[in-house]
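Reader: I would like a close look at one part of this model, the protein surface that meets the nucleic acid. Please go through it slowly, and then place it beside the other parts of the fold that can be described.

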Number of protein chains: 2
Amino acid sequence: MKPVTLKEIADQLNISVTTVSKALKDYPDISKKTKALVKELAQTLNYKPNAFAVNLRTKESKTIGLIIPEIVHHFFSSVIKGIVAQAEKKGYLVIILQSNESYELEKKQIQLLLRQRVDGILISLANGTADYNHLTDVLAQDKPLVMFDKIAKLVKCSKVIIDDRKAAYVATQHLIDTGCKRIAHFRGALLPQNSIDRFLGYKKALLDNNMPYDPSLVYICQCGDQSFEEGKMNARQLLKDHKDVDGIFINTDMVAIGAITEFNEQGVKIPEDISIVGFSNWFMSSVISPSLTTIDQPGYEMGKAAFKQLYKEMQQVKNKEPIVYKDIVLKTELVKRQSSKEVLHKTIH
Amino acid sequence: MKPVTLKEIADQLNISVTTVSKALKDYPDISKKTKALVKELAQTLNYKPNAFAVNLRTKESKTIGLIIPEIVHHFFSSVIKGIVAQAEKKGYLVIILQSNESYELEKKQIQLLLRQRVDGILISLANGTADYNHLTDVLAQDKPLVMFDKIAKLVKCSKVIIDDRKAAYVATQHLIDTGCKRIAHFRGALLPQNSIDRFLGYKKALLDNNMPYDPSLVYICQCGDQSFEEGKMNARQLLKDHKDVDGIFINTDMVAIGAITEFNEQGVKIPEDISIVGFSNWFMSSVISPSLTTIDQPGYEMGKAAFKQLYKEMQQVKNKEPIVYKDIVLKTELVKRQSSKEVLHKTIH
DNA sequence: TTGATTAACGAAAACGATTTCGAAATGAAC
DNA sequence: GTTCATTTCGAAATCGTTTTCGTTAATCAA
């Protein structure tokens, strides 16, 4: 009933615990005969080393912590999948925690993970997080910390991101290339860096194309649980405020889908009357009618890359080398679908 | 840099490790004065008990394992969220593993978790799992194991499920009540119990209403990654095979959405020509056009209930009481939307 | 025969906390 | 002054491994 220990194996074979331990780990100073004996008995008794004891000695837990704002989310669950898959390949287990977009919870969870003595931490910040002491605490302990997607630029650690600004630029440029003359933007809340960058990309694309930037065309939404509703609301408001808008770049697919639904209900034709480009490429976006042109955000790859970087840093700590931080920028892609028109033939000068 | 230990606190205060430990845990045989001193120093040094050492002594890890077939999945990610939230409330951490619907992986992961000495395991089985030795291994060690959603009826442990059969019955009955005369069924693969039960519910509803059961109206799909495509394919095939079908009960929303898409493309009117009822109530189902009538499957609640049961059993183990197994059946609900007609006025006898 | 080398194993000290069992000191009671 | 109880603390064992450093016995060279 109780798990088998080294001592029990040792007693049964009338040898010492030391020898058993060494035999199982193929130390060169144990004879082949005893090694065979030990290994066989361990097998039949179904011996499994007690992880606590091993960790206590070796000061490694072979466990990492993962904190994300929201689990039920296509993008984030893809990230989780990428992380878990990669971690398992390297023999690491993943403890998952959800911050619920709350700074307080995030802070508490970091403490929990540190107490658990995880070997490293992966985190995507809560929207509300503006204070970074809990993060620098981790780094001060020489424990690797890698941030992904929602990051804090000011914290000195590795980061895995996409170039939100560039992606937003591409999205907006696509609207321009397909003939849109007056382009609105539904942006996210003020805090997460992503919203800011996407907004900046939108703005830059306009200016680079000699189109005026009009702040009244920028609508803010919190992108929380009811982002679908927010998309509908913003769309309704836009129809009242600006009849001349013929294109919208929307911060995230869920909001875009809300907007599409509203436009469908009001008889506004997409893309004939208004073109729409979203962000993230959720599965849903390919299914809705009209299907949504959007920016593909590689969640699985991001998870994979984040773990790989963390792994590298954990190895560096193990070898007592200094940790080398890295910024990894993943590629995004515009996925052309029905909610935007065909690209106009460009005139050749 | 290195984490603070009891010994360091003891040395600084010139008292023994024992006293420090006791002080922090409010043992009655330590004076208030030393307790105050110890607690204050622990606070300022930011002392965190070494989880390994504690676990090694107490033989508790305050950690549970969670194995699911697929993380990127609306239903399962909701379950994860429920589990993680509830676990955190009780001071437990969750190690998450994904079996990828593979029996082999599932088996290996159970071993991993046992080695890690988790206090309990939550699992939703892979479709391919037909051999239960890895599960009985867990139970043989007196380690609580709770299965949810995709379960093995034969294994003696607690289970949290919905009544798939009844839910399917309700779904089919709804189609009948709204006037459908010839009802098809897109079912899942043969193995997971859920598919079988949903099929049986469908069949029973037909028979109870004196409608013939026609096996040629039952289409099978694997419900894997391409279930959307499978939905389209099946819909196309159905249109060829049976022009007279006016209702379909579909195993899962993703397939249903594929079917709706296909029908939309082929100009088949929903619900006028064909009514559709899905299963799961993914968010997508409320957004697609026409929106999908479906069975709401409470993922978050299932996760919550599963952890609560596991917690109960972990307490029982702790108190050396025998484990009491329980079958928990959660309520499902029919969510009426646009893909099915209004219920006919029933004649009163 | 002596000294050096090698092969094979074990004793014991960690790792950091918890807990049992005493011990010392103080005070109270007689 | 003796006895007894109470308060306050610590020594030491323990959890299960890992790893260092011996120790023994055998082998070999000269």
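Author: What follows takes the two DNA strands in turn, and then a sheet and some backbone details.

The model is predicted, and everything below should be read with that in mind.

Start with DNA strand C. Around this strand there are 27 residues, and those that come nearest are A:Thr19, A:Lys22, A:Lys59, B:Leu6 and B:Arg57. Of the atoms of DNA strand C that come within 4 Å of the protein, 54% belong to sugar and phosphate.

Which helices build the surface near this strand? At least two residues each come from α2 (17–24) and α4 (51–58) of chain A, and likewise from α2 (17–24) and α4 (51–58) of chain B. The largest share is that of α2(B), with four residues. Sorted by class, the surface near DNA strand C holds ten nonpolar, ten polar and seven charged residues.

Some individual contacts can be given for DNA strand C. In A:Ser16, a side-chain N or O atom is 3.0 Å from a phosphate oxygen of this strand. B:Leu6, already listed among the nearest residues, uses its backbone: one of its backbone N or O atoms lies 2.6 Å from a phosphate oxygen of DNA strand C. A:Asp29 reaches a base instead of the phosphate, with a polar side-chain atom 2.9 Å from a base nitrogen of DNA strand C.

Now turn to DNA strand D. Here too the count is 27 residues, and A:Leu6, A:Arg57, B:Thr19, B:Lys22 and B:Arg57 come nearest. Sugar and phosphate make up 55% of the atoms of DNA strand D that come within 4 Å of the protein. B:Arg57 thus appears in the nearest group for DNA strand C and again in that for DNA strand D.

The surface near DNA strand D draws on α2 and α4 of chain A and on α2 and α4 of chain B, each with at least two residues. For this strand the largest share, four residues, belongs to α2(A). The classes are eleven nonpolar, nine polar and seven charged residues.

Three contacts with phosphate can be named for DNA strand D. In B:Thr19, one of the residues that come nearest, a side-chain N or O atom is 2.4 Å from a phosphate oxygen of the strand. B:Ser16 places a polar backbone atom 3.0 Å from a phosphate oxygen of DNA strand D. From chain A, A:Ser21 has an N or O atom of its side chain 3.0 Å from a phosphate oxygen of DNA strand D.

Next comes a sheet in chain B. Four strands form an open sheet in the order β7-β6-β8-β9, and the pairing is parallel. The edges are β7 (218–220) and β9 (275–277); each has a single partner strand, so one side of each has no neighbour in the sheet. On average, neighbouring strands are turned by 20° against each other, direction ignored.

Within the sheet, β6 (residues 183–187) and β8 (residues 247–250) of chain B are joined in parallel by four bridges. In this pair B:Ile183 stands opposite B:Gly247.

Two helices of chain B pack on these strands. Helix α10 (residues 227–241) touches β6, β7 and β8 of chain B, and its direction makes about 150° with that of β7(B). Helix α11 (residues 253–266) lies across β6, β8 and β9 of chain B, at about 150° to β8(B).

The backbone details come last. Most residues other than glycine have a negative phi, and most peptide bonds are trans. The bond from B:Ile270 to B:Pro271 is cis, with omega near 5°, and B:Pro271 sits in the loop between α11 and β9 of chain B. Another cis bond joins B:Ser289 and B:Pro290, with omega about -5°; B:Pro290 is in the loop between α12 (284–287) and β10 (294–296) of chain B.

Positive phi values of about 60° occur at A:Glu101 and at B:Asn281, neither of them a glycine. A:Glu101 belongs to the loop between β2 (93–98) and α6 (103–115) of chain A, and B:Asn281 to the loop between β9 and α12 of chain B. Are these residues buried or exposed? A:Glu101 has a relative accessible area of 32% and is therefore partly exposed. B:Asn281, at 17% relative accessibility, is under the 20% limit and so counts as buried.

Note on methods:
Residues are numbered from 1 along each chain as its sequence is written. Chains are lettered from A and ligands numbered from 1 in the order in which they are written. This is a predicted model: local features need pLDDT of at least 70, side-chain atom pairs count only at pLDDT 80 or more; totals for chains, interfaces and linings use all residues. Side-chain values use heavy atoms; hydrogens and water are left out. Two strands pair if DSSP finds at least two bridges between them. Axes are lines fitted to C-alpha atoms, for helices over the stretch in contact, and angles run from 0 to 180 degrees between N-to-C directions. Contact means heavy atoms within 4.5 Å. Buried means under 20% relative accessible area, exposed over 50%, partly exposed in between (1.4 Å probe, protein chains only). A residue is near a molecule or strand if one of its heavy atoms lies within 4 Å of it. A polar contact is a pair of N or O atoms within 3.5 Å; within protein, one must be able to donate a hydrogen and the other to accept it, and residues adjacent in sequence count only if both atoms are side-chain atoms. Ala, Val, Leu, Ile, Met, Phe, Trp, Tyr, Cys and Pro count as nonpolar, Asp, Glu, Lys and Arg as charged, and the others, Gly among them, as polar.
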